[in-house]
Amino acid sequence: MEILMILTVGVLFTVATYMILSKSMLRVIIGVVILSHGAHLLFLTLSGLKQGAPPLLGEEASAYTDPLPQALILTAIVIGFGITAFMLVLAYRTYKAHKTDNLDELRGTEDE
Amino acid sequence: MSTLHLVALAPFIMAIFIPFFYFKFRHIHTGWFILPLPLILFIYLIQYLPLGGGPMETVERSVPWVPSLDIHFTVFLDGLSLLFALLITGIGTLVVLYSIYYIANKKEEPLNNFYVYLMMFMGAMLGVVLSDNLIVIYVFWELTSLASSLLIAYWFHKEKSRYGAQKSMLITVTGGFAMLAGFSLLYMMTGTFSIREIITYGDAIVTSPLFLPAMILILLGAFTKSAQFPFHIWLPDAMEAPTPVSAYLHSATMVKAGIYLVARFTPVFGGAPEWFWIITGFGLFTLLWGSVSAVRQKDLKGILAFSTVSQLGLIMSLLGLGSAAVHFDVVDGQSLYTVAVLAAVLHLINHATFKGSLFMVVGIIDHETGTRDIRKLGGLMTIMPVTFTISLIGIASMAGLPPFNGFLSKEMFFTGTLNSTTLDIFNVQTLGVIFPAVAWIASIFTFVYCMIMLFKTFTGKHHPERLEKEAHEAPAGMLISPVILASLVIIFGFFPNLLAYTIIDPAMQSILPGLLEPGEQFYVNIYHWHGLNTELFMTMGVVFFGSMIFLNLRKWQETTFYLKERDPLNWFYDSGLVGLIKGSTVVNDVQMTGRLRDYFTYMFTFLVLGMGYMLWNTGALAVDMANTADISIYMYIITLSLVLATVVIPFVSSRISAIVLMGVIGFLVALLFVVFRAPDLALTQLLVETVMVVLFLLVFYHLPELKKETFKPAFRLTNLVISIGVGLVVTLTALSAHALSYENPISPISDYFVENAYALAGGNNIVNVILVDFRGLDTLLEVLVLGIVGLAVVVLIKFKAKKGEDV
């Protein structure tokens, strides 16, 4: 199952990179979102996908899935969400101010 | 802290008080307050001279500075240091006196600046010659470069002054850095920064592979400072400085710092053929080049600048020849080569005296006539008789005519070069013939520019209409310093043995230690009449051919060689500097495009190449199929949907579909979290994804339409290649990491959390216990992140920049 997940993550990374390299600001943001999905899944995968009970002690199982990566991913999800929200608003303001979302046209002046 | 430390530091302390003198006593020339200091230092230093005969006692005092790095401010006074310190303070006194009359006490002259820089320079120079620690020497060395540049650009409103200051700074500081590197190599070889201790390591240094690099780097420092070919080009441009500065820095002291360094390191490196050849070779070539270039100059200070270059080359070559005496093969004929060192020390003193006086004389001429151009000057002999007399003495000495001191050192120079042809080490017999020949030709040119200087300025017809001022004799105060120096030229000329055992012998003992038994002294006897020997005939030849060339000056005056003034090597410096600026602009423009995509391209490319190389090179590439969990059939469906939704995204060209697809991806990820038994994650992911989609939809109306990307095919292909590369590298790394984690299993710390979640924290949800109890700090800061984002969003939306305000 790990191999399958890693391949999936690879596809997510490829598409994310492709999106980040584009000119449109919105596409870059979408790329970043996909990239964070890829990173979260990679994290989970590499900590081992062994079967076990959810990390809830009430289950009284013999084995639990690893709780630490889950905690870390939870933190990452929230931070990623914050960053995405901020970028989205930033893109909105940039578009309002400059009437373009083409990154090539947002290059700044010549003497900079 | 001893009195000797104070000698080096006193000028710096003085510099602090100069602005006070300047602003408090406006009507008194600030120089008067400075004058006593170098004089006192000079008198203080004289007491160390072995006036009563016998060898000089060396003095050493140490003050720790950075003891842990073996850096001590150690002052060490031996013959060589004393010679230089006396030159610095003695000529310093005369220069300060001269400058009081030269730079008028007018409101617009920032005298405080001038004297602060001058004192800074004097202190730095004393520090260089008195220090024993290499790092301390380097510190003072760079201070002299700094002070010199400040003094050259004293009239900083002139463009030429700034150009000259920048040039001297760039060249001497480059050399200084090289020297520092050389010092570091010496430290690596010996483990000490103290020169005297380094000298005792003789053999260890000579056999070390670092010997040659260290030597060349240190020589780079010495050659740039002492204006040796091809680094001499800064010196003529430094003539934009006020004349007292040129007299002091660019003839008598700073340019001799390199000479000092070479003399100081002769016991360390001397005896090696490389040292002999490099110093002698460059010295002689500089001598020739400088004397030939001086002939072309039309500006009196230009002539003197190239003359200084040439004479420094002479001293340098003598030190090179003299270093042969250190060679272990030379035992019997040592005195043949020590003569060269003797000549070097003697000429060092002579040059300081006559060149100092000549610069001052040129300053007087400039001051009283308004020009230094030899094409405008002429017939000043009867108008300025005192100036003329001083010039005559100085120029005759420079040309090497009896009975002045220049004659003595020139004769000895010829002796030194002639001796070198008999040298049976370093294969000199074959090439050695060149030495006296070059020396002789250079002397002829020296004679020629001396004649030009003298006759073009003082004889011929006087043209008052060409001058900016009415020419008249200088005030007495201005003449004191050059008169003193000119008297020294005569005194040393007639009674050279005044110097012999007081200063020359101690200096020679410092340059060539170990050649003498303790208590012995070098046989120093300088006299005018050697009998009818080769040297005398060479001097006669110089006078004869020099006069012939000068008398036929008219014939070759029109040649392009004579008409051009600037050194051809300046072309390399100027175009090098321009090329450097242009080159860096080109490089900058190529990589700093300002396009986000280009920067991402660099980063991703580096990531792919770097990680790919590491994977390949360390052989970490591995795939482990054995230790994987089983795949249920529904897993294929979920991952396939995820992959499909993702792959379609780049092809979508409408906003709403892109947002919906992102939602699909997010929910599929949440589903995966469910599958992998992470209920909290699934919950959060669902919520976050929902909010995100809502957010996207909120700004939906305001967002721009997703235009079809109009990339060129090549562009699109690069993107594709890079992204596939990134995906591949990430996949391979993840596969290898997965495989390796089973090769070297480490038990996860999660067991601890599982065991203690309830016992220690009283919670059953382990993930939540980790979040708020075991690793609560993460959560706290994550909350902070969300808070900051919230504030930032509010500011971004609410804040409207006023018109004209920079956002």
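1. Before the spans in chain A, a word on terms: helices here are DSSP runs of H or I with at least four residues, and strands are runs of E with at least two. Keep in mind too that this is a predicted model. With that in hand, take residues 28-49 of chain A: the span is 86% helix and 0% strand, and its end C-alpha atoms sit 31 Å apart.

2. Where does that span come from? An unreviewed UniProt entry places the feature "transmembrane region" at residues 6-21, 28-49 and 69-92 of chain A. Residues 6-21 of chain A come out at 94% helix and 0% strand, with 23 Å between the end C-alpha atoms.

3. On to the cavities. Counting those of 30 Å³ or more gives five. The largest of them holds about 80 Å³ of space, and the second largest about 50 Å³.

4. The largest cavity draws its lining from both chains. From chain A come V33(A), S36(A), H37(A), H40(A), I77(A), G80(A), F81(A) and T84(A), and from chain B come Q685(B), V688(B), E689(B) and M692(B). In terms of elements, α2 (25-46) and α3 (67-98) of chain A and α30 (679-700) of chain B each give at least two residues to this lining. Sorted by class, the lining has six polar, five nonpolar and one charged residues.

5. What is the class make-up of the second largest cavity's lining? It has 12 nonpolar residues, with no polar and no charged ones. The residues are L80(B), L83(B), F84(B), I259(B), Y260(B), A263(B), I315(B), L319(B), A344(B), V345(B), L348(B) and I511(B). Two or more of them come from each of α4 (79-102), α13 (257-269), α15 (300-322) and α16 (334-369) of chain B.

6. Two of those helices are worth a look as a pair. A packed pair of helices is described by the angle between the axes and the distance between them. For α4(B) and α13(B), the axes come within 11 Å and cross at roughly 170°. Angles over 145 degrees count as roughly antiparallel, so α4(B) and α13(B) are roughly antiparallel to each other.

7. Which residues make the contact between α4(B) and α13(B)? On the α4(B) side they are L80(B), S81(B) and F84(B), and they meet Y260(B), A263(B) and R264(B) of α13(B). By class, this contact has four nonpolar residues, one polar and one charged. Note that L80(B), F84(B), Y260(B) and A263(B) also appear in the lining of the second largest cavity.

How values were computed. Residues are numbered from 1 along each chain as its sequence is written. Chains are lettered from A and ligands numbered from 1 in the order in which they are written. This is a predicted model: local features need pLDDT of at least 70, side-chain atom pairs count only at pLDDT 80 or more; totals for chains, interfaces and linings use all residues. Side-chain values use heavy atoms; hydrogens and water are left out. UniProt positions are given in the numbering used here, feature names are shortened, and annotations may be inferred rather than shown by experiment. On a 1 Å grid over the protein atoms alone, a cavity is a set of points where a 1.4 Å probe fits but cannot get out, and a pocket is an open set with protein on both sides within 12 Å along at least five of seven lines; lining residues have an atom within 4 Å of a point. Grid points are joined across faces, edges and corners, and a volume is the space filled by probe spheres set on the points. Ala, Val, Leu, Ile, Met, Phe, Trp, Tyr, Cys and Pro count as nonpolar, Asp, Glu, Lys and Arg as charged, and the others, Gly among them, as polar. Axes are lines fitted to C-alpha atoms, for helices over the stretch in contact, and angles run from 0 to 180 degrees between N-to-C directions. Angles under 35 degrees count as roughly parallel, over 145 as roughly antiparallel, 65 to 115 as roughly perpendicular and the rest as oblique. Contact means heavy atoms within 4.5 Å.
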